[in-house]
Amino acid sequence: MKRLTLLSTIAVATAGLFVALTPPAEAQTPRKGGVVRITAPYASSFGNLDPHMSGRSQDGQVHMTIHRTLYIWDSAKGEPALELATAATASGGGTVWTFKLRQDAFFHNGRKMTADDVVWSFNRLMESGKGFVGARWVRLIKGAVEKEKGEAQEISGIKKVDDFTVEISFTQKVEPGFLFYNMTTSILPKEEVEKPTWAIAPVGLGPFKFKEHISGSRLVTERFDKFYKPGLPYLDRVEFPIMAEASARDIAFRNKEVDTSILGPVQYVAYNNDANLKKNILEVAEVFTRAMVMNIGVKPFDDKRVRQAINHAINTKIIVERLARNKAYVATSWLPITVPGYDKDMSPYAYDPAKAKGLLAEAGLPNGFEFEWTTSQNESWGLPIVEAVIPMLAQVGIKVKTKVVEVAVLTDLALKGEFQAYIGSSQTGPDPLQTLRCFHSATPRTSCNVSGYKNADFDKLLDEAGTTDDPAKKLDLLKKANAHLYDAAPVWFFNYNKAAMAYQPWVHGLLGNPTELVHQYPEYIWVDATSPAK
Amino acid sequence: MTGFIIRRLLQMVPMLVAIALLIFVLFSVIPGSFATGQQDEGLGLDMAVVTRMRLELGLDDPLHVRFGKYVAQLATLDLGISFRSRQPVADMIGARMWPSLILTAAAMGFAIVIGVPLGFVAALRPGSLVDLGLMIVAVSGLSLPKFWLGILLMYLFALTLGWFPSFGYGDGGLYHLTLPAIALGVSPMALLARTTRAAVLDIMNADFVRTARSKGMNEYRVVVWHVLRNALVLVLTTIGLQFGSLLGQGVVVEKLFAWPGIGSLLVDSVFQRDIPAVQGCILVISLFFLVINTSVDIAYKLIDPRIRYT
C-alpha cells in the first residue's frame with residue numbers, strides 16, 4: 001500500500017526552487033468580497049467552455065474557475081494534490097487506485113457530486129466517435145480503449161464501490177495525480193451536459209459559477225456559496241477581460257482597468273525598470289522547453305557529433321540575454337528547472353565554435369553543410385531566434401535556409417516528419433517520466449517523439465524508472481535519462497520559459513503555477529480594500 | 001425602381017455562390033488542420049483523439065463529399081457547426097454582428113461628420129492655408145496604421161486624461177465605443193475628406209455652376225443646391241465602399257480594444273482552422289458588402305433623379 005509517497009519524495013528535489021520562485025507568504029488577513037480582473041492574453045476569444053473539449057491554455061483559465069478535478073496542482077509543493085478525492089490508495093503494485101470522494105462537493109445546480117459523476121465523466125471522455133482532448137489522460141484505465149473503439153458500453157476499469165468511493169484499475173503502474181489534475185478530466189454533471197445550453201453556460205463544481213460571456217470581450221463568474229472549501233472563495237466575482245494585444249494590455253494595466261497582465265520580453269524589461277511596477281511581478285519557471293528539434297532520420301542529423309556541434313556553435317546565453325531579455329533560463333537538457341529529474345549541477349553546452357568545427361570534421365563535414373529550418377513567426381521561439389542563430393551557424397560552415405509557416409502548419413509538418421529541423425516550444429512537465437517518454441523508441445512521432453529518436457540504453461533507463469517502486473531510484477534513473485539526452489542532443493537546447501505576470505498591489509493569493517502561470521485557482525485570490533474594481 | 005432592386009438582389013446570389021465556392025476551395029487546400037492544432041505548445045498529440053476528432057468533424061471525407069454537405073447546408077441557410085465551440089456558426093456570428101455593426105456605423109458616422117465638411121471647406125478655399133492644413137490632416141489620417149493610432153488614443157484619452165476606458169465592450173454604449181470608433185473611422189474620414197474636396201472642386205468649375213452664378217443666384221444657393229447635391233453622388237459611392245469594407249477591416253481595432261466583433265472572430269478562426277466559422281464569417285462580411293453597395297445604388301436615384309436604371 002502506498003499513498004502518493006513517490007510524489008512527495010520527488011517534490012523535495014525541487015521544493016527549494018518553488019520557494020524561490022513563488023511570491024512571499026501573505027501577512028495580511030484575506031478580505032471577503034471584491035472583484036478580480038484576470039486578463040485572458042492568448043487569443044481574442046475563448047474557444048470552448050466544455051473542459052473535456054479543449055486543452056487550450058486560455059480556455060483552461062475559465063475551466064479552473066468553474067470546474068474541478070480529482071486532483072489539483074499544488075504550486076507550493078510542486079506536485080498534484082487531492083481535490084475532489086479525499087484519499088487515494090494504491091494496490092495491485094500501483095495499478096489499482098481507490099478514491100474516496102468528498103461528500104461536500106456540490107454542482108452549481110445544487111446537486112451533490114457522487115461516484116456516479118466520476119464514472120460518467122470518464123466514460124464520456126472515451127465516448128466513441130467524439131474527439132474529447134481529455135481522453136489521453138483516461139486511456140490508461142483498463143477497458144478505456146475498448147470503449148473508445150465502440151467495443152464496450154462502459155469502461156470496465158472504473159467501478160463505483162459506493163456513492164463516494166471509486167476504484168480505478170489501470171493497464172500499468174501510474175501516478176494518477178499527474179493524469180487527473182488536468183482540467184480536461186473535470187467531473188461534470190450529466191444532466192447539465194445534456195442540456196442544449198451546456199456549451200454556452202457551463203455548470204461545474206468549482207468555486208465560481210458562470211454568470212456572463214460576451215464572446216470576444218469578457219467572461220464573468222460569480223462566487224458559488226456552496227463551494228466545499230470552508231471560507232473560500234474570498235472574491236465575489238472573477239472577470240476575464242480578453243486582451244490578446246500586449247501593448248493594449250499594458251495600457252489597461254497601467255490604467256488600473258485590469259488586475260493581472262502576462263508580460264512579454266519587452267514589457268518584462270520595462271516593468272523591471274519601473275520601481276513601482278517591479279514590486280508586483282510574479283515569476284515562475286514554466287514547464288516548457290524551447291528547442292530546435294532535429295530530424296534524426298535526415299542526414300547529417302543522424303550523427304550525434306553533428307547535433308552536438310550545433311549546440312556548441314550557438315551562443316545560447318547571449319540569445320537569452322538579448323532577444324529573450326532574460327525572460328527565460330538557458331536550457332541544459334530536456335527537463336526544465338521545476339521538474340523532478342532536472343540536474344542543477346549540469347552545465348549547458350558551452351559556446352565553442354572551434355569545438356563545433358572539430359566535431360563537424362570528425363563527422364566528415366569539415367566544410368559544414370546546409371539544412372532547412374522550419375519556423376513560425378513566434379517572437380520567443382520562432383523567426384527572430386532563427387535569424388539570430390543563422391550567423392552563428394555560418395561561422396562553423398553551416399548554412400541555413402528558413403521556411404516560415406504558421407504554428408498550425410508547423411505542428412502538422414512536425415507530426416508527419418516533413419522537416420529537417422524546426423524550432424518550437426514543448427510542454428516538458430510536470431511528469432518527468434511522461435516527458436522523457438517523448439524520446440522513447442516505442443513512442444511514435446505522432447505522439448511526441450518528433451525527432452524520431454531511438455536508443456536502447458535510453459529506453460532501458462525509462463522502462464526501469466517506470467516500474468521501480470523506489471522513489472530515490474526512480475529519480476536517479478530519470479536524471480540519468482535526462483543526462484543521456486544532453487549527450488545525445490536530439491535538439492538544440494535553447495531555453496526554459498520564465499513566465500512573468502504583473503499584478504496590482506491590491507491583489508493577493510496568486511500562485512506561481514509552473515504548468516501555466518495564467519492558470520490560477522481563484523478561490524485563494526483576494527483583493528484588499530484599495531481595489532478600484534466594483 | 002422596383003425592378004432594379006429585384007435585379008440587383010438576384011445578382012447577389014451568383015456572387016455569393018462564387019464567394020462560397022472560393023472560400024471552400026481555399027480552405028480545403030491550405031496546410032494545417034483543426035484537429036492537430038488543438039494541442040497547445042507541443043505536448044504531443046493523442047492520435048486516437050485526433051482520429052476521432054477528424055471523424056466527428058468529417059475532415060477525412062473526400063473533397064466532393066464535404067463540398068456537397070457544405071452546399072446542402074448553405075441551401076438551407078445553415079452555416080454549420082463550429083469546430084472550436086461546437087456551437088452553430090450562425091449563433092456565433094449573430095452574437096458578434098451587433099457589436100460589429102455599431103462599431104462600423106459609429107466609425108462611418110465619425111468619418112462622415114468630420115470628413116465631408118473638412119473636404120468641403122478645403123474645396124471652397126483651394127490653395128489656401130486652410131486647404132493645405134486640412135489636407136495634411138487628411139493624408140495623415142490615411143497613412144496612420146490603425147494599431148498605432150489605437151494605442152495613441154488609449155494612451156491619451158484613457159491613461160492620460162481618463163476620459164474613456166482603454167478597452168472592452170461594457171454595455172455597448174458610447175463610453176466604450178468612442179475610442180475604437182475613432183481608431184477605425186480616421187482612415188475613411190481622411191478618404192472622404194479628399195474625395196469630397198476633389199468632387200466639390202470639379203463641380204465648382206462646371207458649366208452649370210458658372211451659369212447659375214451668372215444668373216445672379218446667391219453663393220449659398222449655388223453651393224447647396226448645385227455643388228453639394230452633385231458632389232454627393234461621388235461622396236456617397238465612397239461612403240458605400242468604405243462602409244461595406246469596414247466590417248472586415250475592423251479586426252485590428254477589435255483585437256486591440258477587446259471589441260467583440262466579427263473581424264476578431266474571423267482571425268481567431270483562421271488561426272485555429274475552424275473552417276465552418278471562417279466560411280460563415282467571410283460569407284456574412286461579403287453579404288454585408290453587397291447589401292451596402294446595392295443600397296448605395298438605390299440611394300443614387302434619390303439624390304440625383306436624372307439617373308436612370310435600365
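Helices (H or I, at least four residues) and strands (E, at least two) are taken here as DSSP runs, numbered from the N terminus. The model on screen is predicted.

**Stop 1: chain B as a whole**

Select chain B and colour the chain by secondary structure. The count comes to 12 helices and 0 strands, and from the N terminus on every element is therefore an α in the run α-α-α-α-α-α-α-α-α-α-α-α. The C-alpha trace of chain B spans about 85 × 55 × 30 Å along its principal axes. Of the 310 residues in chain B, 51% are buried. Among the contacts in chain B with a separation of 6 or more, 73% are between residues 24 or more positions apart.

**Stop 2: a helix pair in chain B**

Remain in chain B and select residues 89-124, helix α4, together with residues 262-271, helix α11. The axes of α4(B) and α11(B) come within 8 Å and cross at roughly 135°. The two helices are therefore oblique to each other. Next, display the side chains at the contact. From α4(B) come B:Met92, B:Ile93, B:Arg96, B:Met97 and B:Ser100, and these meet B:Ile262, B:Gly263, B:Ser264 and B:Leu265 of α11(B). Divided by class, this contact holds 5 nonpolar, 3 polar and 1 charged residues.

**Stop 3: a helix pair in chain A**

Move to chain A and select helix α17 (residues 456-467) and helix α18 (residues 471-488). Two packed helices are described by the angle between their axes and the distance between the axes. For α17(A) and α18(A), the angle is about 160° and the axes lie 9 Å apart. An angle over 145 degrees counts as roughly antiparallel, and α17(A) and α18(A) are therefore roughly antiparallel to each other. Their crossing is left-handed. To see the contact, show A:Asp457, A:Phe458, A:Leu461, A:Leu462, A:Glu464 and A:Ala465 in α17(A). Opposite them, in α18(A), show A:Lys473, A:Lys474, A:Leu477, A:Leu478, A:Lys480, A:Ala481, A:His484 and A:Leu485. The residues of this contact divide into 8 nonpolar, 1 polar and 5 charged.

Continue from α18(A) into the loop that leads to β17 of chain A, where A:Ala489 is found. Phi of A:Ala489 is near 45°, a positive value in a residue other than glycine. Most residues other than glycine have a negative phi, and most peptide bonds are trans. Is A:Ala489 buried or exposed? At 0% relative accessibility, A:Ala489 counts as buried.

**Stop 4: strand β12 and its partners**

Select residues 281-294 of chain A, strand β12. Of its 14 residues, 13 are buried, so β12(A) is largely enclosed by the rest of the structure. Strands of a sheet pair through backbone hydrogen bonds, either parallel or antiparallel. Add β17 (residues 491-503) of chain A, which pairs with β12(A) in the antiparallel sense over 10 bridges. A:Ala291 can be picked out here, standing opposite A:Phe493 in β17(A). Then add β16 (residues 421-427) of chain A, which runs antiparallel to β12(A) and is joined to it by 7 bridges. In β16(A), A:Ala421 is the bridge partner of A:Met294.

**Stop 5: an open sheet of four strands**

Which strand order should be traced in the open sheet of 4 strands in chain A? The order is β4-β5-β7-β6, with antiparallel pairing. The edge strands are β4 (85-91) and β6 (158-162), each of which pairs on one side only. From one strand to the next, the twist averages 20°. Zoom in on β4(A) and β5 (residues 96-101) of chain A, which are paired antiparallel over 6 bridges; A:Lys100 in β5(A) is the bridge partner of A:Ala87. Finally, select helix α3 (residues 115-125) of chain A, which lies across β5, β6 and β7 (165-169) and runs at about 175° to β6(A).

**Stop 6: backbone details in the loops of chain A**

Select A:Leu232 and A:Pro233, which are joined by a cis peptide bond with omega of about 0°. A:Pro233 lies in the loop between β9 (218-223) and β10 (237-241). Select next A:Lys299 and A:Pro300, where a cis peptide bond also has omega of about 0°; A:Pro300 is placed in the loop between β12 and α11 (304-313) of chain A.

End at A:Arg325, in the loop between α12 (316-322) and β13 (328-330) of chain A. A:Arg325 has a positive phi of about 50° although it is not a glycine. With 34% relative accessibility, A:Arg325 counts as partly exposed.

Key: Residues are numbered from 1 along each chain as its sequence is written. Chains are lettered from A and ligands numbered from 1 in the order in which they are written. This is a predicted model: local features need pLDDT of at least 70, side-chain atom pairs count only at pLDDT 80 or more; totals for chains, interfaces and linings use all residues. Side-chain values use heavy atoms; hydrogens and water are left out. Buried means under 20% relative accessible area, exposed over 50%, partly exposed in between (1.4 Å probe, protein chains only). Two strands pair if DSSP finds at least two bridges between them. Axes are lines fitted to C-alpha atoms, for helices over the stretch in contact, and angles run from 0 to 180 degrees between N-to-C directions. Contact means heavy atoms within 4.5 Å. Angles under 35 degrees count as roughly parallel, over 145 as roughly antiparallel, 65 to 115 as roughly perpendicular and the rest as oblique. A crossing is left-handed if the near helix is turned anticlockwise from the far one by less than a right angle, and right-handed if clockwise. Ala, Val, Leu, Ile, Met, Phe, Trp, Tyr, Cys and Pro count as nonpolar, Asp, Glu, Lys and Arg as charged, and the others, Gly among them, as polar.
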